[in-house]
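Reader: I would like a close look at a single part of this assembly, namely the place where two of its chains meet, followed by what surrounds that part. Please take it slowly and connect the pieces as you go.

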Amino acid sequence: MRKFWAWAAVIFGMLYFILPLLGMTEFSLKMRRGVYSFDAYAKVLADPRFQETFAYSVGMAIATIIFGVVLIVPTAYWVRLRLPGLRPYIEFITLLPLVIPAIVIVFGYIRLYNTSSFLPLTGSATGTNILLMFGYATLALPYMYRAVDTGLRTIDVGTLTEAAQSLGAGWITILARIILPNVLVAVMSGAFLTFAIVIGEFTLAALLNRPAFGPYMQLLGANRAYEPAALAVIAFAITWGCMALIQVVSRFAPRAPAQLH
Amino acid sequence: MSEPFLSIQHVRKSFGATTVVQDFNLDVDKGEFISFLGPSGCGKTTMLRIVAGFEQPSAGRIVVGGKDMTSLKPNQRNIGMVFQAYALFPNMTVAQNIGFGLRVAGRPRAEIDARVAEMLALIKLGEFGARYPYQLSGGQQQRVALARALAPKPRLLLLDEPLSALDAKVRVSLRDEIRAIQRELGITTIFVTHDQEEAMSMSDRIVVMNAGRADQVGAPFEVYNRPATRFVAGFVGTLNVLDAVVKDPASGAVEIGGVPVALARSLGSVKAGETVSLALRPETISMTHEAARSISIPCTITAVNFLGSVIRISADTGGNSLSFDTFNNPAAPPPTPGDRTTVHFSPADLLVLQA
Amino acid sequence: MRLPLDWLGVAPFLIFALLFLILPTMNIVIGAFQNPAGEFTLKNVQGLFTPSIMAAYWISIRISLASAILGCIVGFAMAAAVVLGGLPNWVRSPLLTFSGVASNFAGVPLAFAFIATLGPIGLVTVFLRTQLGIDLRSLGFNLLSFWGLTLTYLFFQIPLMILIITPALDGLKREWREAASILGATGRQYWTMIALPILFPSLLGTLALLFANAFGAVATAIALTGSSLSIVPILLFAQIRGDVLGDPHLGYALAFGMIVVTGIANTIYIWLRARSERWLK
């Protein structure tokens, strides 16, 4: 009897999840009257605006990941090594982006970094791009920090550092050649999640007026019928791909203790 | 003879194709403390869980006080149980944990409070009623678990390796405490353990289990000194096993490493020329000769372990290796490895092991 | 010299957090209590208590609460089915992976998926109309409404619930159930006296998190409804784009109100989670 209800709950739930996925897939194939076709996909993929915005968002995602890793890995490492008392406070800061809605943060950006401020980032396209990247890094902060911190927990940061120092390594060498390789799996999990978040992000890019994939999708949705469904399928495939990659890299997670060369 | 209080009759338990318990029979008298002793996977915990009602036996019956309980649910059996991993309810205080059984039974508030206070006093944690389990040490948690099991005055107390998660010192003191409480309340108790020292020191009787069967049931003294099977002999205590060649099965004449030994008892169906295994407890071997120790075998010392009051010595007799104990003697330093000596033992201490 | 040097190691992070997280937020909060001349005032916050803005908050809170509660119930049922329902092992891992994907599949594409399914010419709408003769529209269902938005939000709310509550359900030890049962408790007594009280902080905490999650969701709402449904995030979006309220400082107050609501929800979450972790240590 319990098993019956268990199956009922799971099947009912999965029906709810599968129907929209089925709906969008079916809809995306219906562009040509009467038959299923990939016309909507062909149209979307051939659209130069799609190519531009997608390339832009991929570029922003990569930049965000690199910036995030360079900012967060040394910080998390340093806090574990030297300032363990600071950990709760740093952790609290990293969780703030979950508390403060993204729309409020970007509202603050627009006010704080306008053309007449001390740091007029929104004055130029490059400046706005940089601001957007910082915004994405902020959104990704809770996930990235958590992933890296969890990765660092599995290795003995103090011993590794002392061993490297006794062999004459400097801070940059320690970070790049010892700490980073050891938390690579965790960093990659965070990176793929960041990628999934940035690619589809709408609010920040729209309000900062940057030609990103999210606003493009919204614009297309307001004006077309079948192409948005094709875009939704593509976006879902990207999210699924990122999660699948996280699963794949996680297989390698419990790694052997670090080797010093 | 009076009716046994708990009677386990022909119990078998199979999970799919594997049989975990086979034809288990045991009668327990009221107030007895019984241990199920055996290595992990021998079926002792499964047998306990069948008594508790968490598992249904594939065959057989559980009878308590003359009533068949086999088909009763655990919550209808009026049994107390203590688990290995404490299993205190983390959302309740110590007092609420102890009172839980009475609360679900719908007892009046005043009765519950009085019983909880009585139980707290019994486990000597009178001040701890308002604490939460996470504020207690492992030993304290396990005492609370014991009090919780005893509070509803169960007919039977089951202890599932209650000491194995604790560190050595706490384990010994709690062991004595459990036994004292059990004696005081006179409650029939089954204790599951893989630790032979625990089983020997606490139990009225021990059930030594091996591969789903009860190999031997008996008082600790009996199980230790007259093991019924080779498994029991090896599992309970340290044992030297000697290969002996049978000369005359009827009179019990054998040869150990070329030395003739008269066992003075019949070896039954064994034929002359065959090899039998004889066992010898370390404490029955001595390096000093006495009249009763009529067998002397030369050997070479291979290792000396100084354990404090006792010194454990290993020696090679040319084919068989022996270990034996001597008491520490400040006036006479122990031998050193490589020394040649002679050990002596009595043929009466030799146990003939069944295959 | 040791201490300042140690602090230098976290300086880049602290500067980043200050510049791109804390200062922008503070700026909005302070702006909410200033008039255009930069003087302190409570007028902006008072301005929130007009019927149209209060209505926007009210419908936002209702949608968030409804999607959070339903997400909790359905997510709990699915997680419980997998953890306690005796389902085969191959169900669990795909369900958790799928939950990871679905909880991140929010925003614009999610809205498209629901339009393609429950919109006027969506798969389910058309199927019900042509095959079963059920006209959703005539039954009063509209995707661009309270229930439509709630139903859409559930697509990321349920998976989030599954991801958070599964470890909590795993944390329920078999021995607790057995100990309760041998002490005479029925299955119902076990749930009401032990399992649910143990899970309660996790359940309520997750409810708060789901609430904040839905309350801050902008992209899904905009892509789904355009501006036809006046909920707080859409109102704020329009205000930032084009000052539809006609008063920039009222916009700051609107944003400040959002921080207060999600802040309260998240404080509850963090506080309750700390409590449940203490128990389950």
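**The contact between chains A and C**

Author: In this predicted model, chain A and chain C together bury about 6700 Å², and 81% of that area lies on carbon and sulfur atoms. Within the share that chain A buries against chain C, Phe17(A), Phe107(A) and Arg111(A) supply 11%, which is more than any other three residues give. Counted by residues, the contact joins 72 residues of chain A to 75 residues of chain C. Two pairs of chains touch, and the pair formed by chains A and C has the most contacts; chain A and chain B, by contrast, are joined by no contact, and their closest C-alpha atoms lie 17 Å apart.

The partner on one side of this interface, chain A, has twelve helices and zero strands, so that its pattern, read along the sequence, is α-α-α-α-α-α-α-α-α-α-α-α. The C-alpha trace of chain A spans about 75 × 65 × 35 Å along its principal axes, and 52% of its 261 residues count as buried. Among the contacts in chain A with a separation of 6 or more, 75% are made by residues 24 or more positions apart.

A search of the whole structure for enclosed space finds two cavities of 30 Å³ or more. The largest cavity, with a volume of about 70 Å³, has a lining drawn from both chain A and chain C: Thr64(A), Ile65(A), Gly68(A), Leu71(A), Ile72(A), Ala137(A), Ala140(A), Leu141(A), Met144(A) and Thr194(A) are joined there by Phe16(C). Helices α3 (48-81) and α6 (125-153) of chain A each supply at least two residues of this lining, and α3(A) provides the largest share, five residues. Sorted by class, the lining of the largest cavity holds eight nonpolar and three polar residues, with no charged residue.

The second largest cavity encloses about 40 Å³ of space, and its lining consists of Ser60(C), Ile63(C), Ser64(C), Tyr153(C), Ala214(C), Phe215(C), Ala217(C), Ile231(C) and Pro233(C). The elements that give two or more residues to this lining are α4 (51-84) and α10 (187-215) of chain C, and α4(C) gives the most, with three residues. Here the residues divide into seven nonpolar and two polar, and again none is charged.

One of the residues lining that second cavity, Tyr153(C), also leads to a further position in chain C, for it is among the contacts of Thr220(C). Thr220(C) is found in helix α11 (residues 219-225) of chain C, and because its relative accessibility is 2%, under the 20% limit, Thr220(C) counts as buried. Apart from neighbours within four places in sequence, Thr220(C) is in contact with Ala106(C), Gly107(C), Leu110(C), Ala111(C), Thr152(C), Tyr153(C) and Phe156(C).

Chain C also takes part in the surroundings of a helix in chain B. The buried residues of α4(B) pack against α9 (174-182) of chain C, together with β6 (79-82), α2 (94-104), α3 (109-122), β7 (156-160) and α5 (168-185) of chain B itself. This helix is mostly covered, with twelve of its 13 residues buried; among them are Gln140(B), Arg143(B), Leu146(B), Ala147(B) and Leu150(B). The length of helix α4 (residues 138-150) of chain B can be checked as well: at 1.5 Å a residue its 13 residues should span 18 Å, and because its end C-alpha atoms are 18 Å apart, the two values agree.

Beyond this helix, Lys153(B) is placed in the loop between α4 and β7 of chain B. With a relative accessibility of 57%, over the 50% limit, Lys153(B) counts as exposed, in contrast to the buried residues of α4(B). The phi of Lys153(B) is near 50°, a positive value in a residue other than glycine. Most residues other than glycine have a negative phi. A positive phi near 50° is found also at Ala211(B), again a residue other than glycine, and Ala211(B) lies in the loop between β9 (205-210) and β10 (213-218) of chain B.

Terms used: Residues are numbered from 1 along each chain as its sequence is written. Chains are lettered from A and ligands numbered from 1 in the order in which they are written. This is a predicted model: local features need pLDDT of at least 70, side-chain atom pairs count only at pLDDT 80 or more; totals for chains, interfaces and linings use all residues. Side-chain values use heavy atoms; hydrogens and water are left out. Helices (H or I, at least four residues) and strands (E, at least two) are DSSP runs, numbered from the N terminus. The expected span of a helix is 1.5 Å times one less than its number of residues. Buried means under 20% relative accessible area, exposed over 50%, partly exposed in between (1.4 Å probe, protein chains only). Contact means heavy atoms within 4.5 Å. On a 1 Å grid over the protein atoms alone, a cavity is a set of points where a 1.4 Å probe fits but cannot get out, and a pocket is an open set with protein on both sides within 12 Å along at least five of seven lines; lining residues have an atom within 4 Å of a point. Grid points are joined across faces, edges and corners, and a volume is the space filled by probe spheres set on the points. Ala, Val, Leu, Ile, Met, Phe, Trp, Tyr, Cys and Pro count as nonpolar, Asp, Glu, Lys and Arg as charged, and the others, Gly among them, as polar. Buried area is the accessible area (1.4 Å probe) that two parts lose on being put together, summed over both.
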